[in-house]
Amino acid sequence: MKILVVGSGGREYSISFYLKKDARVKELFFAPGNALTSKIGTNVEATKKQDILHFAKTNSIDLT
């Protein structure tokens, strides 16, 4: 499963830290993310709604 987490704070990191441990999670993306989130997934330079939506559609994101 590909997951896109929207945000760049500590809550987003904490939730994703445990999501990463789930065997069903194949990839984690963060929009826009931060230095810590880049250690457990991929930060995406998207902050506008339409950019986030475009990224999710073109990368077949399963859960946002």
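**A buried serine and two nonpolar cores**

Ser16 lies in helix α1, which spans residues 10-19. In this predicted model, Ser16 has a relative accessibility of 0%. The residue therefore counts as buried, a class that requires a value under 20%. Beyond residues up to four places away in sequence, Ser16 touches Val5, Leu28, Phe30 and Ile40.

The overall fold was examined next. The protein contains two helices and three strands. Read from the N terminus, the order of the elements is β-α-β-β-α. The radius of gyration is 11 Å, close to the 11 Å that the globule rule gives for 64 residues, so the protein is as compact as a globular protein of that length. Along the principal axes, the C-alpha atoms fill a box of roughly 30 × 25 × 15 Å. Contacts were then sorted by sequence separation. Of the contacts with a separation of 6 or more, 53% join residues 24 or more positions apart.

Burial was assessed across the chain. Of the 64 residues in the protein, 31% are buried. In soluble globular proteins, nonpolar side chains tend to be buried together. The largest nonpolar core here has nine residues. Its members are Leu4, Phe29, Ala31, Val44, Ala46, Ile52, Phe55, Ala56 and Ile61. Two elements give two or more residues to this core: strand β2 (27-32) and helix α2 (49-58). Helix α2 gives the most, with three residues.

Ala46, one of the nine core members, illustrates the packing. Neighbours within four places in sequence were set aside. Ala46 is then in contact with Ala31, Pro32, Asp51 and Ile52. Ala31 and Ile52 are themselves among the residues of the largest core.

A second core is separate from the first and holds six residues. Among them are Ile3, Val25, Leu28 and Ile40. Leu28 and Ile40 also appear among the contacts of Ser16. The buried serine of helix α1 thus touches two residues that belong to this second core.

The surface was considered last. The protein exposes about 4,400 Å². Carbon and sulfur atoms supply 55% of that area. Charged groups comprise 10 positive and 6 negative charges. The mean positions of the two sets are 3 Å apart.

Technical notes: Residues numbered from 1 in each chain as written. Predicted model: local features only at pLDDT ≥ 70, side-chain atom pairs only at ≥ 80, totals over all residues. Heavy atoms only, no water. Helix = DSSP H or I, 4+ residues; strand = E, 2+ residues; numbered from the N terminus. Rg over C-alpha atoms; globule rule 2.2 N^0.38 Å. Buried < 20%, exposed > 50% of the residue type's maximum accessible area, 1.4 Å probe, protein only. Contact = heavy atoms within 4.5 Å. Areas by Shrake-Rupley, 256 points an atom, 1.4 Å probe, with all protein chains shown as cover. Lys, Arg positive; Asp, Glu negative; His and termini not counted. Charge placed at Lys NZ, Arg CZ, Asp CG, Glu CD. Core = buried A, V, L, I, M, F, W, Y, C linked by side-chain atoms within 4.5 Å.
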